[in-house]
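Grab a pencil and your favourite viewer: here is a short set of exercises, each with a worked solution. Try each one before reading on.

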2 protein chains.
Amino acid sequence: MSDVRGEPTEVRGTLGTVRNAVRLLDLLADGSAYQQLTDLAERSGLSVPTAHRLLRSLVLADLVEQDPRSSRYSLGPEVTRLSQRYLGRLPILGALSPYLVSLRDTLQTTIHVAVLVRESVVYVDRIDASDGGPYRDSHRVTDALSTAAGRMLAARAGDEVWKQCVASHAGLVDEDPDRLRAEWSRAAHLTSGDEIAVVVHDAGETPVAALSATVPPGADAARVEVIATHLSRAASAAGRTLGHG
Amino acid sequence: MSDVRGEPTEVRGTLGTVRNAVRLLDLLADGSAYQQLTDLAERSGLSVPTAHRLLRSLVLADLVEQDPRSSRYSLGPEVTRLSQRYLGRLPILGALSPYLVSLRDTLQTTIHVAVLVRESVVYVDRIDASDGGPYRDSHRVTDALSTAAGRMLAARAGDEVWKQCVASHAGLVDEDPDRLRAEWSRAAHLTSGDEIAVVVHDAGETPVAALSATVPPGADAARVEVIATHLSRAASAAGRTLGHG
DNA sequence: ACCATAGATTCCACTATGTGGAAGTGCAAC
DNA sequence: GTTGCACTTCCACATAGTGGAATCTATGGT
């Protein structure tokens with residue numbers, strides 16, 4: 001197997017086949033829907049037959065699906081089943097859930113729950129306000145550093161994760177990253193774009209998720225402060241019901 | 001490799017390692033959170049070292065996570081990233097999204113979007129009403145036949161899928177399955193428990209998702225009819241914006 | 001404090017199993 | 001019809017994954 005140049009140290013006792021399968025899943029997730037075999041093979045550094053076999057195996061498991069017409073590949077429905085099972089058992093979600101409806105109703109905004117996955121923020125729960133325009137960008141996932149929720153989480157994550165986040169965040173990092181990190185990890189709440197976010201901690205001190213609200217375009221500072229207060233209160237109430245790490 | 005007895009025909013040109021990795025993911029999804037290696041090995045029919053290597057490889061990719069204390073395994077956060085990417089590109093979700101808020105606001109109920117994954121219904125989008133009690137069972141996934149949305153979809157799926165659904169649905173099938181299937185696949189809408197569901201078709205005739213509403217406990221037939229009408233209207237409006245299968 | 005047990009992890013020789021080059025097939029465009 | 005491109009299948013080779021046995025670690029019992 002040709003190893004990627006500069007890979008630090010191949011972890012011992014690990015299966016190449018699994019690593020390759022996962023690499024393909026990553027490529028399918030990152031690129032656009034329905035990519036073609038040749039492309040995937042090249043980008044993954046695998047030979048075409050190998051990529052084909054791996055994809056075929058993944059298709060059999062519904063983790064990947066293949067368009068019968070173009071025979072191109074994209075992620076398959078099974079990933080959602082796994083995900084829902086994962087999320088259904090995630091303690092933070094259960095802890096936050098009871099607070100979300102009333103939060104939205106009193107604040108009149110859309111509320112999100114986000115977690116950090118590697119160098120991405122994934123919005124894992126949402127509860128929509130009445131007003132909001134017709135465009136709900138549900139199922140969002142972006143570079144951690146491009147949203148307030150992600151920034152709060154990334155800044156509080158381990159050094160290694162933070163570095164990855166900075167590295168994978170394309171552009172917009174004119175400033176000194178470390179200064180931003182310090183600033184963000186101090187802040188009790190953070191605003192970016194139309195989102196205001198706070199962090200949810202578990203019984204230990206470890207941050208486990210971000211709770212955020214969509215703040216309407218022309219909101220004054222006082223309103224932002226009110227929203228932040230409510231979010232923080234819900235976050236710490238939910239956090240108290242959680243165990244350690 | 002020891003083959004499971006009675007497996008019809010091992011699909012040719014398929015990787016055993018991937019199949020085994022997927023089997024482990026399935027076991028982790030089905031059973032309860034944090035299962036132990038020995039158990040997983042036995043249930044999967046793999047040797048302990050093999051299961052361990054596979055799990056270790058999956059942990060490296062964050063598809064599985066291992067509790068450092070008990071060293072037990074459960075699904076990892078990466079599955080949510082893949083899932084969100086999948087859902088974010090799913091045409092039906094984009095098509096339905098614009099209608100959901102107004103549907104909820106006029107009907108005053110919680111609205112769900114569900115899809116069929118193998119023999120399970122997975123609720124992939126939701127939009128919560130104001131009233132509903134404190135218990136939002138978000139991230140639901142159950143046997144297809146145990147919810148109205150799942151029944152509508154399963155009844156309209158291929159014969160093979162239908163059989164799987166019947167087989168995997170524990171209990172409650174006192175009646176003749178085929179009669180139920182005929183009944184369910186004829187119905188324009190279906191009620192079960194507190195849920196009323198309709199099917200969303202794409203430009204062809206193929207059913208792609210179910211749209212459902214939570215109907216309040218003491219609702220009369222007229223109200224149910226009103227809800228069904230609104231759901232159907234949204235479903236066909238969204239379906240018209242979709243391409244073929 | 002000690003041993004006993006159960007479970008996770010590592011080692012190692014064996015060969016089953018995954019690999020990549022090359023040939024085959026199907027489809028679309030010209 | 002013919003050319004080109006991309007997906008798929010074939011096959012010999014050796015890489016890379018496998019399982020039994022040994023080792024380590026943690027937990028509970030006496």
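**Exercise 1.** In what order do the six strands of the open sheet in chain B lie, and which strands stand at the edges?

*Solution.* Keep in mind that this is a predicted model. Start at one side of the chain B sheet and walk across: the order reads E5-E4-E3-E8-E7-E6, with antiparallel pairing. Next, look at the two ends of that walk. E5 (141-143) and E6 (190-192) of chain B each have a single partner strand, so one side of each has no neighbour in the sheet. Finally, check the twist: ignoring direction, neighbouring strands here are turned by 30° against each other on average.

**Exercise 2.** How many bridges join strand E7 to strand E8 in chain B, and which residue is the bridge partner of Ile196(B)?

*Solution.* First find the two strands: E7 covers residues 195-201 of chain B and E8 covers residues 207-214. They run antiparallel, and seven bridges hold the pair together. Now step to Ile196(B) and look over to E8(B), where you'll find its bridge partner, Ala213(B).

**Exercise 3.** Now switch to chain A: describe its open sheet, the pairing of E7 with E8, and the helix that lies across E6, E7 and E8.

*Solution.* Sheet first: six strands of chain A line up as E5-E4-E3-E8-E7-E6, paired antiparallel. The edges are taken by E5 (141-143) and E6 (190-192) of chain A, and since each has a single partner strand, one side of each is left without a neighbour in the sheet. From one strand to the next, the twist averages 30°. Zoom in on E7 (residues 195-201) and E8 (residues 207-214) of chain A, and you get seven bridges in the antiparallel sense. Within that pair, Ile196(A) sits opposite Ala213(A). Then add the helix: H9 (residues 221-240) of chain A lies across E6, E7 and E8, at about 20° to E7(A).

**Exercise 4.** How do helices H5 and H9 of chain B cross, and which residues make the contact?

*Solution.* Two packed helices are described by the angle and the distance between their axes, so begin there. The axes of H5 (residues 91-107) and H9 (residues 221-240) of chain B come within 9 Å and cross at roughly 165°. An angle over 145 degrees counts as roughly antiparallel, so H5(B) is roughly antiparallel to H9(B). The crossing is right-handed. On the H5(B) side, the contact is made by Ala95(B), Leu96(B), Tyr99(B), Leu103(B), Thr106(B) and Leu107(B); H9(B) brings Ile227(B), His230(B), Ala234(B), Ala237(B) and Ala238(B). Sort these and you get nine nonpolar, two polar and no charged.

**Exercise 5.** How many residues does each chain bring to the contact between chains A and B, and at what angle do H1(A) and H1(B) pack?

*Solution.* Count by chain: 55 residues come from chain A and 56 from chain B. On the chain A side, H4(A) gives the most, with eleven residues. That side splits into 28 nonpolar, 14 polar and 13 charged residues. Now the helix pair: H1(A) and H1(B) pack at about 75°, with axes 9 Å apart, so H1(A) is roughly perpendicular to H1(B). Thr17(A), Val18(A) and Ala21(A) meet Thr17(B), Val18(B) and Ala21(B) in this contact, which divides into four nonpolar, two polar and no charged residues.

Conventions: Residues numbered from 1 in each chain as written. Chains lettered and ligands numbered in written order. Predicted model: local features only at pLDDT ≥ 70, side-chain atom pairs only at ≥ 80, totals over all residues. Pairing = 2+ DSSP bridges. Helix = DSSP H or I, 4+ residues; strand = E, 2+ residues; numbered from the N terminus. Axes fitted to C-alpha atoms, helices over the stretch in contact; angles between N-to-C directions. Contact = placed C-beta atoms within 7 Å. Nonpolar A, V, L, I, M, F, W, Y, C, P; charged D, E, K, R; others polar. Parallel < 35°, antiparallel > 145°, perpendicular 65-115°, else oblique. Left-handed = near helix turned anticlockwise from the far one by under 90°.
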